[in-house]
Amino acid sequence: MRSLYEINNDYLKALDNAFVMDEDTGEIFLQDEMLDQLADEFSDKVDNIVCYIKDLENLNDGIKAEKKALDERFKANEGRVENLKKYVSNALKIRNMAKYETPKCKLSFRTSKSVEVVDENSIDSNYWKEEVVKKLDKKTILDELKNGVEVNGCKLLVKNNLQIK
């Protein structure tokens, strides 16, 4: 099957040769049979491409939904893992066991240290880190450019976005 590019090239060539003059009367006629055929081929090609785009968008929706479902399953499994670790840990602590080993697994406790913040407001300022995040305000820049204001480093782009319904 031919590409849109090929169809459009043939259409432009046919358009260049579509006008014929009657040598007797001087009247100019449009031979539109080839143009009609190319217009039909163009229409079929565009319809097929748009249907393919819709299929891909539906596939993306399905992938997104499946990803969300997998993320939920992952989170639920993480919770189960944590709960089971606490369950086994408590069982070992009740028996005063620091280690446990079988041919299939080996368990032991490792000491670690972390900070639990009880009241953030009472912590001295020297323990705080300040992070400054600079973010470009593109909406304001767009409004300025639309109003004719020149913004260094920016230019107004006008786009034609294809809508598929």
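A residue counts as exposed when its relative accessible area is over 50%, as buried when that area is under 20%, and as partly exposed in between. These terms recur throughout the following account of a predicted model. Asn96 offers a first application: its relative accessibility is 74%, and therefore Asn96 counts as exposed. Asn96 lies in the loop between helix 2 and strand 3, and its phi is positive, at about 60 degrees, although Asn96 is not a glycine. In the order of the chain, Asn96 follows helix 2.

Helix 2 itself covers residues 33–94, a run of 62 residues. At 1.5 Å a residue, a helix of this length should span 92 Å, and the C-alpha atoms at its ends are 91 Å apart, so the expected and computed values agree. Within helix 2, the buried residues are Leu35, Leu38, Lys45, Ser89 and Leu92. The elements that cover these buried residues include helix 1 (4–16), strand 2 (28–30), strand 3 (99–101) and strand 4 (106–108).

The pairing of helix 1 with helix 2 may be considered next. Two packed helices are described by the angle between their axes and the distance between the axes. Here the axes of helix 1 and helix 2 come within 10 Å and cross at roughly 160 degrees. Because of that angle, helix 1 is roughly antiparallel to helix 2, angles over 145 degrees being counted in this way. The crossing of helix 1 past helix 2 is left-handed. On the side of helix 1, the contact is made by Leu4, Ile7, Asn8, Asp10, Tyr11, Ala14 and Leu15. Helix 2 contributes Met34, Leu35, Leu38, Glu41, Phe42, Lys45, Val46 and Ile49. Among these contact residues of helix 2, Leu35, Leu38 and Lys45 are also buried.

Charged side chains add a further set of links. Side chains of opposite charge can pair when their charged atoms come close. The structure holds four salt bridges, and Arg2, Asp10 and Glu41 are linked in a network of such bridges. Between Asp10 and Arg2, the closest N and O atoms are 2.3 Å apart. Asp10 has a relative accessibility of 25% and so counts as partly exposed; Arg2, at 28%, likewise counts as partly exposed. Arg2 also forms a salt bridge with Glu41, with an N to O distance of 2.7 Å. This pair joins distant parts of the chain, since Arg2 belongs to the segment before helix 1 and Glu41 to helix 2, 39 residues apart. Glu41 is partly exposed because its relative accessibility is 25%. Asp10 and Glu41 therefore appear both in the network and among the residues through which helix 1 and helix 2 make contact.

Another salt bridge lies within helix 2. The side chains of Lys67 and Asp71 meet there, at 3.7 Å from N to O. Lys67 and Asp71 are four residues apart in helix 2, and so about one helical turn separates them. With a relative accessible area of 52%, Lys67 is exposed, whereas Asp71, at 43%, is partly exposed.

Conventions
Residues are numbered from 1 along each chain as its sequence is written. This is a predicted model: local features need pLDDT of at least 70, side-chain atom pairs count only at pLDDT 80 or more; totals for chains, interfaces and linings use all residues. Side-chain values use heavy atoms; hydrogens and water are left out. Helices (H or I, at least four residues) and strands (E, at least two) are DSSP runs, numbered from the N terminus. The expected span of a helix is 1.5 Å times one less than its number of residues. Buried means under 20% relative accessible area, exposed over 50%, partly exposed in between (1.4 Å probe, protein chains only). Contact means heavy atoms within 4.5 Å. Axes are lines fitted to C-alpha atoms, for helices over the stretch in contact, and angles run from 0 to 180 degrees between N-to-C directions. Angles under 35 degrees count as roughly parallel, over 145 as roughly antiparallel, 65 to 115 as roughly perpendicular and the rest as oblique. A crossing is left-handed if the near helix is turned anticlockwise from the far one by less than a right angle, and right-handed if clockwise.
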